[in-house]
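Visitor: I am new to this structure and should like to learn how to read it. May we go through the model feature by feature?

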Amino acid sequence: AVSPVFSMDFRFFSRPYIGGGFLYYLKALLLVPLLPMIAMALITLLSFLLIRISALWKRREGMTTLMTFLFIAGIMAVQISFSMRTGDEEEFGRIILRLVMRQSVLVDLFVKSFPPIGWLCNALIQTGWKGWGYGIAFILASIASVVFVVSVLGGQYQRLAIKQSEVVARLNATAKKRNKGIRMHSPFGALYRREIKDLLTVPAYATNCLTSLVMFPVMTVVMMMSMGKNSDGIPDIPSLLANLAPTILFLVLLAVFCLTCFMNVAVATAVSREGKRHYFSKIIPVPASTQLLAKLAMGLSVDMAAVLLTAGTVCVVLPELWLLIMIAALAAIPFALLSSTMGLLLDVYFPRLDWKTETDAVKRNVNGVYGMFGTMALLGLLVAGYFGLGALGFTEIWSILLILLILILVDVLLMKWLTGKASMVYALHEKNV
């Protein structure tokens, strides 16, 4: 709707150029609300086509999750790269304004590439019956697009969907028979595989619980690439890091790896995500402590996957420091275990089992938020403890070793709590689901 403003170089602001002033606003009031109709029709056709294509694949939920993460990674890469190049918001606004006002040829090319948009622009710009004719053409095209979509989706598409669902049902039944003999050798392994499978195959769980696997590696790569294009970029980073003390550099890397654990809401909602299945968890012949350990292993796997992906990314950028990076990644394990155990204990005592959709179990669960804030508070407490030990006269190495030792001792105590009293609480939940 605003494209004629750019293509006409704002001439209608200086004089009543378009439709006598009042007619411009009248036509805009009639035509602009119809602007999304054609776009929504095209998006609907494309989305339903992709649904039918994805239905041909048995693991379509996995494909949905994969494409979602690729989309998130692409958006994050573009946003971070562009923000680092443009600077503040005012500079970004000036760039967009110059791009629009000085590239009227490109704007006109965009308008002409999609005829309905050209009709809308001509309807707003031109006067007389010719302008109204373009407006009527745009209205008819918008209505026709919706009618076409409704007729297509309600006719041949519906018959195709029914036929395809029958074929997919037969294929799934055959696959179940073929995989019937695949079994795990221990209850813990079977429960752990179920937790990982639920996390990967349900798009709502994957996109909300596995964000850290995408966010931190993408941030590291894009930031390093953007810095490498400047004069003070990547070639100077190793020399700057070489001048830092190894302990300081180790602490920086350890803090970054611990920070990757704070977005893990998978373990803080592990019990809540059972929902109505919690009843079956109570009656299966597996101890509650084993079930909770499987959930803890799932959460720890997510944390360590994020840590290792971030560490691998940093190793690619700074290969000279690979040994120190790997040591810092290993040192993050006690923190990741502590963070996961705290989140799981919180969900054991305060689960939300009465959700209606998978999104409610994750996004609308305050345990995930509390787990994230708890992880951040724990990280801040460790930093404060490090400086406190330094103030008491401990050296940097001894401060790091004492903090790691304290983390390990707290991990042992929380694990006893989880497999003891917390497992009893988990087994005795009688909440109406």
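Guide: Certainly. Let us begin with one helix. This is a predicted model, and in it helix H19 covers residues 333-349. Its 17 residues, at 1.5 Å a residue, should span 24 Å, and the end C-alpha atoms are 24 Å apart, so expectation and model agree.

Visitor: How many residues of H19 are buried?

Guide: Of the 17 residues in H19, 13 are buried, so to speak of it as mostly covered is fair. Thr341 is one residue of this helix. Its relative accessibility is 0%, and because buried means under 20%, Thr341 counts as buried.

Visitor: Which residues is Thr341 in contact with, leaving aside its neighbours within four places in sequence?

Guide: Thr341 is in contact with Leu296, Leu414 and Met415.

Visitor: What helices and strands are there in the protein as a whole?

Guide: The protein has 22 helices and zero strands. Of its 433 residues, 39% are buried. The accessible surface comes to about 24,900 Å², and carbon and sulfur atoms hold 73% of that surface. One may also ask how far along the sequence the contacts reach. Among contacts with a separation of 6 or more, 82% join residues 24 or more positions apart.

Visitor: Which elements have the lowest and the highest mean pLDDT?

Guide: The lowest mean, 40, belongs to helix H2 (residues 11-14), and the highest, 91, belongs to H19. Over residues 1-19 the pLDDT is below 50, although this stretch has 38 contacts in the model beyond near neighbours in sequence. Another such stretch is residues 229-235, where pLDDT stays under 50 and the model has nine contacts beyond four places in sequence. For the protein as a whole, the mean pLDDT is 76, and 68% of the residues reach 70 or more.

Visitor: Where should one look for a nonpolar core, and which residues have the most contacts inside the largest one?

Guide: The general idea comes before the case. In soluble globular proteins, nonpolar side chains tend to be buried together. Here the largest nonpolar core has 58 residues, and Leu199, Phe257, Phe335 and Leu344 have the most contacts inside it. Elements that give two or more residues to this core include helix H12 (203-209), helix H15 (246-259), helix H17 (288-317) and helix H21 (366-391). H17 gives the most, with 10 residues.

Visitor: What does Leu199 touch, not counting residues up to four places away in sequence?

Guide: Leu199 touches Tyr205, Ala206, Cys209, Leu210, Ala266, Arg273, Met298 and Val302. Apart from the largest core lies another core, of 10 residues, among them Ala28, Leu31, Phe138 and Ala141.

Visitor: Which residues of helix H3 are buried?

Guide: In H3, which runs over residues 22-31, the buried residues are Tyr24, Lys27, Ala28 and Leu31. To judge whether a helix has a covered face, one looks down its axis. The buried residues of H3 then fall within an arc of 105°, so they line one face of the helix. Phe22, Tyr25 and Leu29, on the other side of H3, are exposed.

Visitor: Which are the buried residues of H18, and what covers them?

Guide: The buried residues of H18 are Ile325, Ala328, Ala329 and Ala331. They cover an arc of only 160° around the axis, which puts them on the same side of H18. Their cover includes H15, H17, H19 and H22. The face turned away from this buried side carries the exposed residues Trp322 and Leu330.

Visitor: Is Lys421 buried or exposed?

Guide: Lys421 is found in helix H22, residues 396-427. Its relative accessibility is 56%, and since exposed means over 50%, Lys421 counts as exposed. In sequence, Lys421 and Ser289 are 132 residues apart, whereas in space their C-alpha atoms are 9.4 Å apart.

Visitor: Is Gly118 buried or exposed?

Guide: Gly118 lies in helix H8, residues 115-125. At 11% relative accessibility, Gly118 counts as buried. Gly118 and Tyr134 are 16 residues apart in sequence, and the distance between them in space is 8.7 Å, C-alpha to C-alpha.

Note on methods
Residues are numbered from 1 along each chain as its sequence is written. This is a predicted model: local features need pLDDT of at least 70, side-chain atom pairs count only at pLDDT 80 or more; totals for chains, interfaces and linings use all residues. Side-chain values use heavy atoms; hydrogens and water are left out. Helices (H or I, at least four residues) and strands (E, at least two) are DSSP runs, numbered from the N terminus. The expected span of a helix is 1.5 Å times one less than its number of residues. Buried means under 20% relative accessible area, exposed over 50%, partly exposed in between (1.4 Å probe, protein chains only). Contact means heavy atoms within 4.5 Å. Accessible areas come from the Shrake-Rupley method with a 1.4 Å probe; for residues, only the protein chains shown count as cover. pLDDT is the predictor's confidence in each residue, from 0 to 100. A nonpolar core is a set of buried Ala, Val, Leu, Ile, Met, Phe, Trp, Tyr and Cys residues joined through side-chain atoms within 4.5 Å. The arc is that of the directions from the helix axis to the C-beta atoms.
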